[in-house]
Amino acid sequence: MHQPLKPLVGIPCDVNRIGLNKFHAVGEKYINAVATGADVLPLLIPAFSDGEDMHVEDQSLIIDQILERIDGLFLTGSPSNIQPHHYGNESSMTPDSHDPQRDDLNLHLIREAINRKIPILAVCRGMQELNVALGGTLYQKVHEQDGMMNHRENPELDRAGQYSKAHEVTLLDGSYLAQITGKSTIEVNSLHGQGVRTLGNGLIAEALAPDGLIEAVKLENGNHFVLAVQWHPEWQFQDDEISTALFRAFGDAIRQQ
């Protein structure tokens, strides 16, 4: 007997240079968390935008065909930062840390996925992409803002140390995260240099760091699952009840469409 097909969740790729060539890739921990935690089938989406070896004649057609096939969208973290011209007129403070092909695809992909009411879960850079796609702005260097914490990982620690719990987050009263976790505060890891300055259209804050930085957002439309967190719940998600609840909720929202 054939098993029922699992929902298909698209995961857009980063574009990374390895040696002389560029490769489209997604971190394994993200793939595992989506496949196992949400119980879906991940599909890696190349960053369909003009690059060194890629020319895209009709990106809107590609996006349309992608969204016709997927049941959910997962936006990953990344070492790269969104180019600031997408949300203002500032010059870049991190000019060597950009991924213009990912920017170009994802900002369009997010807006069209929301129009189609496709469930979205986003983490770290993905949360920043969601915010910028909807007209929000970012701090390019959170740690240089008066009164803000240093939310970056300690580069002297090993991988497990960098992903260990770093600070408390307050889940706002009535927030979706508070509902699915039954918590008012949680401990999270922290590996980001940029963060939300002003919220995008239709987004509401779900959680705050001790310095007031927005750590999670949700689309205000309660009938459409669009949720994003600034931390990394994919890291060993199976050992953390909050992360487990988050990926389970994403999978359930997809299956309830």
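# A tour of two pockets and two helix pairs

Begin with the largest pocket of this predicted model, which is lined by 28 residues; select Ser78, Pro79, Ser80, Glu153 and Leu191, since these are the lining residues that lie nearest its centre. Next, colour strand β2 (14-18), helix α1 (28-37) and helix α4 (125-133), the elements that each give two or more residues to the lining of the largest pocket. The pocket has a volume of about 550 Å³, and if you colour its lining by class you will find 7 nonpolar, 15 polar and 6 charged residues.

Keep α4 selected and add helix α3 (residues 100-115), for these two helices pack against each other at an angle of about 65°, with their axes 9 Å apart. Angles of 65 to 115 degrees count as roughly perpendicular, and α3 is therefore described as roughly perpendicular to α4. Seen as a pair, α3 and α4 make a right-handed crossing. To see where they meet, show the side chains of Arg102, Asp103, Asn106, Leu107, Ile110, Arg111 and Ile114 on α3, together with Arg125, Gly126, Glu129, Leu130, Val132 and Ala133 on α4. By class, the residues of this contact of α3 with α4 are 6 nonpolar, 2 polar and 5 charged.

Now hide α4, leave α3 in view, and select helix α2 (residues 59-69), which packs with α3 at an angle of about 55°, the axes being 10 Å apart. How do α2 and α3 lie to each other, given that angle? They are oblique, because an angle of about 55° falls outside the ranges called roughly parallel, roughly antiparallel and roughly perpendicular. The crossing in which α2 passes α3 is right-handed. On the α2 side, the contact is made by Gln59, Ile63, Ile66 and Leu67, while α3 contributes Asp104, Leu105, His108, Leu109, Glu112 and Ala113. Of the residues in this contact of α2 with α3, 6 are nonpolar, 2 polar and 2 charged.

For the last stop, move to the second largest pocket, which holds about 220 Å³ of space. Select Gly222, Asn223, His224, Phe225 and Ala253, the residues nearest the centre of this pocket, out of the 13 residues that line it. Which helix gives the largest share of the lining of the second largest pocket? Helix α7 (residues 241-255) does, with 3 residues. Coloured by class, the lining of the second largest pocket shows 5 nonpolar, 5 polar and 3 charged residues.

How values were computed: Residues numbered from 1 in each chain as written. Predicted model: local features only at pLDDT ≥ 70, side-chain atom pairs only at ≥ 80, totals over all residues. Heavy atoms only, no water. Axes fitted to C-alpha atoms, helices over the stretch in contact; angles between N-to-C directions. Helix = DSSP H or I, 4+ residues; strand = E, 2+ residues; numbered from the N terminus. Left-handed = near helix turned anticlockwise from the far one by under 90°. Contact = heavy atoms within 4.5 Å. Nonpolar A, V, L, I, M, F, W, Y, C, P; charged D, E, K, R; others polar. 1 Å grid on protein atoms, 1.4 Å probe; cavity = no way out; pocket = protein on both sides within 12 Å on 5 of 7 lines; lining within 4 Å. Points joined across faces, edges and corners; volume = space filled by probe spheres on them. Parallel < 35°, antiparallel > 145°, perpendicular 65-115°, else oblique.
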